[in-house]
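Subject: Structure for your files, with notes

Hello,

Here is the structure I said I would pass on. My notes on it follow below.

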Amino acid sequence: MERMLKLYVIIINKIEHCYYINIIINIMTTEAMEFKTCTYGDIQIINGDCMEGLHKMANESIDCVITDPPYFIDKLDNNWSSDSIGNDKKNSHIKHLPKGMKFDKKQVKDLYDYYLELSKVLFDKMKPGGYFLSFSSPRLYHSIAMACEIAGFEIRDMINWTYTQSMPKGMSMSHVIQKMDISQDEKDKLIEEYKDFKTPQIRSCFEPICVAMKPIGKLTFIKNELQFKTGLLDFSQKVGIDNDRVPANIITTEAYNDSYDKNFMVSKPTKKEKGESNTHITVKPIALIEHLINLFSKKDSLVFDPFLGSGTTAIACKNTNRRCIGYELNEEYYNICLDRCQ
Ligand SMILES: C[S@@+](CC[C@H](N)C(=O)[O-])C[C@H]1O[C@@H](n2cnc3c(N)ncnc32)[C@H](O)[C@@H]1O
């Protein structure tokens, strides 16, 4: 057959103000795909794989990408779910400890490979001068930054989101020493000798945000701005407890000390903003994402988030009059996005 005949069945059910679009039965391959989509004004939330969705977007259509990707630590890869985290039997001895505790060199490479593939596609879909902001962790930042750079983006900066409330991750040695095949006296001596020593994980008190930009080529910043409305940063956006300081590459969302709060504070997250039934474990403060959106995009810009999680970027876009397209693979989290966006 010269052409594959494809039949697409589109069922649109209007449920309240939300459109569920169940697409696609390919009768030649019997392969079935389904994307549930919910639209609230200019905010579109899609339950599906971002990579598949991105390929269908027009080139140079995205103004800004703000995302908090899966870091490929422990169970938090591009297939994560609250079930797989909860049933992590293999690592049961560290189950109760924060994610990211397990050190595995493969995570760095897996994250790099995945992010390089994503960044290459994003490069085509973004406008010149468009900003691509990725949250990351101190230990995995280099994977994200290198992937962006190799895909063609320029690394313009690294923003440090600082916080003090974090759990120490270093493990003490006593329980390992207790299992050693030596006498109890020797164990007690070793435990005493190493009582202040832990595995090499110092308490992590910041998240680096990689600030990459699609190059503007031969255009000047002003010419690029006039053509694409991207590239220049809006310094009317202020930070600090009195909202009178220019944005810096340090941000904090909690009270710390006078100097820090005056210079770097973006308002604190409220208790209510996460939502009562939000089971997601890496929810970002809405004000933090709003600040980044205000600084790195313009009103009516199209902001894309490939990894919505519980939908913080979508909420922040709604609050700042940006258009938003966001993907979330996991249906449980997708439903949380819908709850929070209403
Ligand atoms: C770090 S979380 C984002 C959390 C978000 N910042 C928030 O405030 O809720 C990353 C999310 O990406 C989702 N994810 C992983 N791979 C994906 C993919 N290929 N396409 C779409 N979403 C994906 C995961 O299910 C997870 O919820």
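Among contacts in the chain between residues at least 6 apart in sequence, what percentage join residues at least 24 apart? The figure is 67%. Please keep in mind that this is a predicted model.

Overall composition

The chain has 342 residues, and 33% of them count as buried. Its secondary structure comes to 11 helices and 13 strands.

The sheet

Nine of the strands are found in one open sheet: the 9 strands follow the order E5-E6-E13-E12-E7-E8-E10-E9-E11, and the pairing is mixed. The edges are taken by strand E5 (36-40) and strand E11 (250-252); each has a single partner strand, so one side of each is left without a neighbour in the sheet. On average, and ignoring direction, neighbouring strands are turned by 20° against each other.

At the E5 edge, E5 and strand E6 (residues 43-47) run antiparallel and are joined by 5 bridges. Tyr40 stands opposite Ile43 of E6 there.

Strand E10 (residues 206-213) sits between E8 and E9 in the sheet order. It is mostly covered, with 7 of its 8 residues buried. With strand E8 (residues 126-135), E10 makes an antiparallel pair over 5 bridges, in which Phe132 stands opposite Ala212. With strand E9 (residues 154-162), E10 also runs antiparallel, and 8 bridges join the two. In that pair Ala212 is the bridge partner of Ile155, and Met213 stands opposite Glu154. Ala212 therefore has a bridge partner in E8 as well as in E9, and this fits the order of the strands, in which E10 has no place at the edges.

At the other edge, E9 and E11 pair in the parallel sense over 3 bridges. Thr162 has Thr252 of E11 as its bridge partner.

Helices on the sheet

Helix H4 (residues 141-151) packs on the sheet and touches E8, E9 and E10; its direction makes about 5° with that of E10. Helix H9 lies across strand E7 (62-67), E8, E9, E11 and strand E12 (302-305), and runs at about 155° to E7.

The nonpolar core

The largest nonpolar core holds 64 residues, of which Ile45, Val65, Phe132, Leu133, Cys148 and Ala314 touch the most other members. The element that gives the most to this core is helix H9 (residues 286-296), with 6 residues. Phe132 is also the residue that stands opposite Ala212 in E10.

Which residues does Ala314 touch, not counting those up to four places away in sequence? They are Ile43, Ile45, Leu308, Cys324, Gly326, Cys337 and Cys341. Ile43 in this list is the residue opposite Tyr40 in the E5 and E6 pair.

The ligand

There are 21 residues around the ligand, and Asp68, Phe307, Gly309, Ser310 and Thr312 come nearest. By class, this shell has 10 nonpolar, 7 polar and 4 charged residues.

Loop residues

Asn249 is placed in the loop between helix H7 (221-228) and E11. Is Asn249 buried, exposed or partly exposed? It is partly exposed, because 14 other C-beta atoms lie within 10 Å, whereas a buried residue would need 20 or more and an exposed one 12 or fewer. Leaving aside neighbours within four places in sequence, Asn249 is in contact with Asp157, Met158, Ile159 and Asn160. Asn249 and Ile209 are 40 residues apart in sequence, while their C-alpha atoms are 9.2 Å apart in space.

Two further residues are listed for their backbone angles. Most residues other than glycine have a negative phi. Glu60, which is not a glycine, has a positive phi of about 55°. Glu60 is found in the loop between helix H1 (50-55) and E7, and it counts as partly exposed because it has 15 C-beta neighbours inside 10 Å. Lys229 is the other case, with a positive phi near 60°. The loop between H7 and E11 holds Lys229, as it does Asn249. With 17 C-beta neighbours inside 10 Å, Lys229 also counts as partly exposed.

Regards

Notes:
Residues are numbered from 1 along each chain as its sequence is written. This is a predicted model: local features need pLDDT of at least 70, side-chain atom pairs count only at pLDDT 80 or more; totals for chains, interfaces and linings use all residues. A residue is near a molecule or strand if its C-beta atom, placed from the backbone, lies within 6 Å of it. Ala, Val, Leu, Ile, Met, Phe, Trp, Tyr, Cys and Pro count as nonpolar, Asp, Glu, Lys and Arg as charged, and the others, Gly among them, as polar. A nonpolar core is a set of buried Ala, Val, Leu, Ile, Met, Phe, Trp, Tyr and Cys residues joined through C-beta atoms within 7 Å. Helices (H or I, at least four residues) and strands (E, at least two) are DSSP runs, numbered from the N terminus. Two residues are in contact if their C-beta atoms, placed from the backbone, lie within 7 Å. Two strands pair if DSSP finds at least two bridges between them. Axes are lines fitted to C-alpha atoms, for helices over the stretch in contact, and angles run from 0 to 180 degrees between N-to-C directions.
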